[in-house]
Amino acid sequence: MKKVVMFVLLSTMSVVGLSQIKDIKVNDQITVDRVYAGIMSGSYFSVDSLNIVSFVDLRLGAMATYKPAKWISVKSFCVYNMQTKTEPFGIIHFWVKLNPTEKFSLEAGNMATLPTEQRPHPVSGDGQFETFAEAQIVGMALGAKMKYQFNPDFKIGAGIADRKGPEYSGMFNYKKITLSGWYTDKTQKAGSALTLDFERIYSVLVWRQDQTISNIFCFKIPKHETLSLYADDGYNLVTGDLVRGEYGILKNFSSTHFSGLLGFGYVTETRSVAGYLFLHL
């Protein structure tokens, strides 16, 4: 296990040294959309004792597109994630996208559903640093979805996925506002997600019927563009308990070769002070 961790760490460091890797055109048909490497660490200091709980999270990922014609694309990405506190896991998407017109698209395969698109992309820093609230949105599944772009500001979509039975979803997007909903036939439960992505405010509100309501709220401080205040909350609709509550401040930074952040916050459910260091392509 230690050898695997060391290998991934060295691989991550070597890729970081190559600067950002995005949109590499291999030839007229194949593009490497992105190559990702990130390392994140966190420590939680209990205010009730002298105990410290720490973790290190490593992620490698890549995404590529094969476009044999203007109206068809074959897309795929993969992620391998390893953390000291949990078992390693992988994420693999593979799907086909058809664009018979500029305004209409149809996609099918093992991919993000329409609501899943409101979660951060797994092959990205935001994906590795995904919050509790964002993670409450349903994940990828085998299915199909279609979108229609009325104009640059207005888009709608509809989709169906297989979660041991059909799951139906819809999406509405107007400028910086996205609203989606889903209904899973097996559980007979519904859910919805509302995203606001403005210049200084980022918020994702997620409701899951008879389960939870959660929200991530980030505010970029005026005149301090690299500083943001955040609040990540989750409320159990059955027990009436606050199952997630973290509040703090993030300091973002970037250079030619990498980006990252330093974070400091307080976690209510564990009564702990949290500190984060995150570096990624």
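**Hairpins, aromatic pairs and loop residues**

Strands β8 and β9 form a hairpin with 3 residues between them, and in its turn Lys 164 has a positive phi of about 55°. The model described here is a predicted one. The two strands of this hairpin, β8 and β9 (residues 166-174), run antiparallel and are joined by 9 bridges. A convenient place to find the pairing by eye is Ile 156, which stands opposite Phe 172 in β9.

On its other side in sequence, β8 takes part in a further hairpin, this time with β7, and here 2 residues lie between the strands. Strand β7 (residues 141-151) and strand β8 (residues 154-162) pair in the antiparallel sense over 9 bridges. Within this pairing, Lys 145 stands opposite Gly 159 in β8. In a regular strand the side chains alternate between the two faces of the sheet.

The positive phi of Lys 164 in the β8-β9 turn invites a look at other residues with this backbone feature. Most residues other than glycine have a negative phi. Asp 210, however, has a phi near 60°, a positive value in a residue other than glycine. Asp 210 sits in the loop between β12 (201-208) and β13 (212-220), and with a relative accessible area of 44% it is partly exposed. Arg 271 is another such case, with a positive phi near 50°. Its place is the loop between β16 (259-267) and β17, where Arg 271 counts as partly exposed at 41% relative accessibility.

Attention now turns to the aromatic side chains. A search of the whole structure finds 8 aromatic pairs. One of them joins Phe 129 and Phe 278 in a stacked arrangement, with 5.6 Å from centre to centre and 15° between the planes. Phe 129 lies in the loop between α2 and α3, whereas Phe 278 belongs to strand β17 (residues 272-280), so the pair ties together parts that are 149 residues apart in sequence. Phe 278 is buried, with a relative accessible area of 2%. By contrast in geometry, Tyr 148 and Phe 150 form an edge-to-face pair, 4.8 Å centre to centre with 75° between the planes. Both members of this pair are partly exposed: Tyr 148 has a relative accessible area of 32%, and Phe 150 stands at 37%.

The surroundings of Phe 129 deserve a closer look. Its loop runs between α2 (125-128) and α3 (132-135). Beyond its neighbours within four places in sequence, Phe 129 is in contact with Met 40, Leu 250, Leu 261, Tyr 276 and Phe 278. One of these partners, Met 40, is 89 residues away from Phe 129 in sequence, yet the C-alpha atoms of the two are 8.2 Å apart in space. Phe 129 and Phe 278 also belong to one aromatic cluster, together with Tyr 44, Phe 55 and Tyr 276.

Leu 250, a contact of Phe 129, also appears in the contacts of Thr 226. Leaving aside neighbours within four places in sequence, Thr 226 is in contact with Leu 250, Lys 251 and Asn 252. Thr 226 is placed in the loop between β13 and β14 (227-236) and counts as partly exposed, at 32% relative accessibility. Thr 226 and Val 35 are 191 residues apart in sequence, and their C-alpha atoms are 24 Å apart in space.

Definitions and conventions
Residues numbered from 1 in each chain as written. Predicted model: local features only at pLDDT ≥ 70, side-chain atom pairs only at ≥ 80, totals over all residues. Heavy atoms only, no water. Helix = DSSP H or I, 4+ residues; strand = E, 2+ residues; numbered from the N terminus. Contact = heavy atoms within 4.5 Å. Phe/Tyr/Trp six-rings, centres within 6.5 Å; stacked < 30°, edge-to-face > 60°. Buried < 20%, exposed > 50% of the residue type's maximum accessible area, 1.4 Å probe, protein only. Pairing = 2+ DSSP bridges.
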